Amino acid sequence: MAAPLPGVPRASGTAAEPAGGSPRGAAGSPCSLPRSPGGDPLPSLPDRRKQKDNNILEVSSIPNPFPELCCSPFASVLSASVLSKETSRKKQVIKVYSEDNTSRALEVPSDITARDVCQLLILKNHYIDDHSWTLFEQLTHTGLGRAIEDHELIMEVQSNWVMEEENKLYFRKNYAKYEFFKNPLSFFPDHMISFPSETHPAVSHSGILQMFLSSSTYPEIHGYLHAKEQGKKSWKKLYFLLRRSGLYFSTKGTSKEPRHLQFFCEFNNSDMYMSLTGKKISGAPTIYGFCFKPNKSGGTRDLKQLCADDEQSRTCWMTAIRLLKYGMQLYQNYMQPYQGRSGCSPLNITPMRSISENSLVAMDFSGHRSRIIENPTEALSVAVEEGLVWRRRGCLRLNSHGSPIAMSNMAIHRSQSWFHHKISREEAQRLILQHGLVDGVFLVRDSQSNPKTFVLSLSHGLKIKHFQIVPLEDDGKLFYTLDDGHTRFTDLIQLVEFYQLNKGVLPCKLKHYCARIAL
């Protein structure tokens, strides 16, 4: 070992600067401490760092107004747990379509749900959230579609798609998504539902829901369905029964004995779809088809296809199967928008009023000062009187230059969301069906049989009805009417607004309009 240089004491307890490229901190390595111009040895590197930190602490600094944007010099920027959590949420790009086939690409986390995607699109497009927006999965190759439940993960839905098929996600309104929670009696007709023997014959509104959501009892759904035979093109009409253990059909008429029941399908590993093409692809005897598609399965080979005789029967079967498969999860999805409201008890919820309904209030402007009419009887009489005055008004309005022109020369109804120009009767029925067969869902369209008239297509009682709007000329003025001239309107906007407030000759008021939104 080389002798230490004369006049330099051996450093003790601290690591010296390496000499000749020897490793830092090696025991017994020769070293020399650097000196200041005055001859005093300079402090070592750790001492200098410590002194620098002490100086930082002693200097008074201006308080940082944004501490959350900075990190302390004595703390690490990101902990390992945060890094692992962020990197685990990988983002992917999904494409969502609207009714007019416009699309929008979104970069979303891999664990995003259908409700989260809807909320994101509502915020980005500045739509009103009335809790009816939904994502719709459409399998183009097989002509099938279904409304994705709010709690489902979008990446899991897309993982079941086949690469060769051009499947799509649609963003639209579905007013019937949770309608059975509000009015279950119209979804489950008496001739299709039976209750356990110990249940009281008269089942209330909440009693039906309690039984569907209960883990011990479950109503039995029964009735005839057409089933497509496996591997064949033929269909066979069979008597089906829906029980908690799955879907069965009877091999002997309407017998419910266990020896005559044969298992047809279970729902844990499959999804239920509605037929969108009617009889075209499957050759079904009716247009009210639905099927069960196993997960990770492509094509029509593994489909278990059924069809009902009418829309009421199909709606009953599909609603009962949704309740059987998801149970309380459906109820939690329905309850989520109302959880912040006070006084909400299970199965006893008043539907939230829309923003337009909350903004309506009866006012009296006849005096020197306006007042709010709080008496319901007085408010009703004022509304009727105002409606009569409204219909007697002239049809003159101002154009963009301020001059009055006849309303008949303006196609102002074409700018309304509820008006659909030159669509067929079948297209109108398909559009209403997509928005949900709830009482009051409607649209107005041009008549195909008579170019001068219009048609009001309206959903009521799980059926779609069509009413002709006839133009009527009187004393040189053009009016529109639904009831052979008893009630006349100067334009279609007046007509729609009137029947939104009054049922008139219609089976129900106009409530929800079908619109083709753009993303």
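**Exercise 1. Burial of helix 12**

How many of the ten residues of helix 12 (residues 492-501) are buried?

*Solution.* The structure is a predicted model. Step one: apply the cut-off, since buried means under 20% relative accessible area. Step two: list the residues of helix 12 that pass. They are Leu 492, Ile 493, Gln 494, Leu 495, Val 496, Phe 498 and Tyr 499. Step three: count. Seven of the ten residues are buried, and helix 12 is mostly covered. Step four: look at the start of the helix. There, a side-chain oxygen of Asp 491 comes within 3.0 Å of the backbone nitrogen of Ile 493.

**Exercise 2. Confidence along the chain**

Find the average pLDDT of the chain, then inspect two stretches below 50.

*Solution.* Start with the whole chain. The average pLDDT is 77, and 69% of the residues score at least 70. Next, take residues 1-33. Their pLDDT is below 50, and the stretch has twelve contacts in the model beyond near neighbours in sequence. Then take residues 390-410. The pLDDT is again below 50 there, with 31 contacts beyond near neighbours in sequence. Last, draw the rule for reading. Where pLDDT is low, the predicted coordinates should not be read in detail.

**Exercise 3. Nonpolar cores**

Identify the largest nonpolar core and the helix that gives the largest share of it.

*Solution.* First, the size: the largest nonpolar core has 41 residues. Second, its most connected members. Phe 181, Phe 188, Ile 221, Phe 240, Leu 242 and Phe 292 have the most contacts inside it. Third, the source. Helix 7 (residues 311-326) supplies the largest share, eight residues. Fourth, check for another core. A second, separate one of 20 residues includes Phe 489, Ile 493, Phe 498 and Leu 510. Ile 493 and Phe 498 are also among the buried residues of helix 12.

**Exercise 4. Classifying aromatic pairs**

Classify the pairs Phe 181–Tyr 334 and Tyr 224–Tyr 239 by ring geometry.

*Solution.* The structure holds 23 aromatic pairs. Take Phe 181 and Tyr 334. Their ring centres are 4.9 Å apart and their planes meet at 15 degrees, so the pair is stacked. Now place the rings. Phe 181 is in helix 5 (residues 179-182) and Tyr 334 is in helix 8 (residues 328-335), so the pair ties together parts 153 residues apart in sequence. Both residues are buried.

Turn to Tyr 224 and Tyr 239. The centres are 5.3 Å apart, with 70 degrees between the planes: edge-to-face. Tyr 224 belongs to strand 7 (residues 220-228) and Tyr 239 to strand 8 (residues 235-243), 15 residues apart. Check accessibility. Tyr 224 is partly exposed at 39%, while Tyr 239 is buried at 9%. Finish with the neighbour of this ring: the charged end of Lys 237 sits over the ring of Tyr 224, 5.5 Å from its centre.

Extend the search to clusters. Tyr 178, Phe 180, Phe 181, Phe 187, Tyr 331 and Tyr 334 form one aromatic cluster.

**Exercise 5. The surroundings of Ser 132**

Is Ser 132 buried or exposed? Describe its surroundings.

*Solution.* Locate the residue. Ser 132 is in the loop between helix 3 (114-125) and strand 3 (133-139). Test burial. Its relative accessible area is 5%, so Ser 132 is buried. Find its polar partner. A polar contact of 2.7 Å joins its side chain to that of Asp 130. Look further along the sequence. Leaving out residues up to four places away, Ser 132 touches Arg 172, Lys 173, Asn 174, Tyr 175 and Lys 177.

Methods: Residues numbered from 1 in each chain as written. Predicted model: local features only at pLDDT ≥ 70, side-chain atom pairs only at ≥ 80, totals over all residues. Heavy atoms only, no water. Core = buried A, V, L, I, M, F, W, Y, C linked by side-chain atoms within 4.5 Å. Buried < 20%, exposed > 50% of the residue type's maximum accessible area, 1.4 Å probe, protein only. Helix = DSSP H or I, 4+ residues; strand = E, 2+ residues; numbered from the N terminus. pLDDT = per-residue confidence, 0-100. Contact = heavy atoms within 4.5 Å. Phe/Tyr/Trp six-rings, centres within 6.5 Å; stacked < 30°, edge-to-face > 60°. Lys NZ or Arg CZ within 6 Å of the ring centre and 35° of its normal. Polar contact = N/O pair within 3.5 Å; in protein donor to acceptor, adjacent residues only side chain to side chain.
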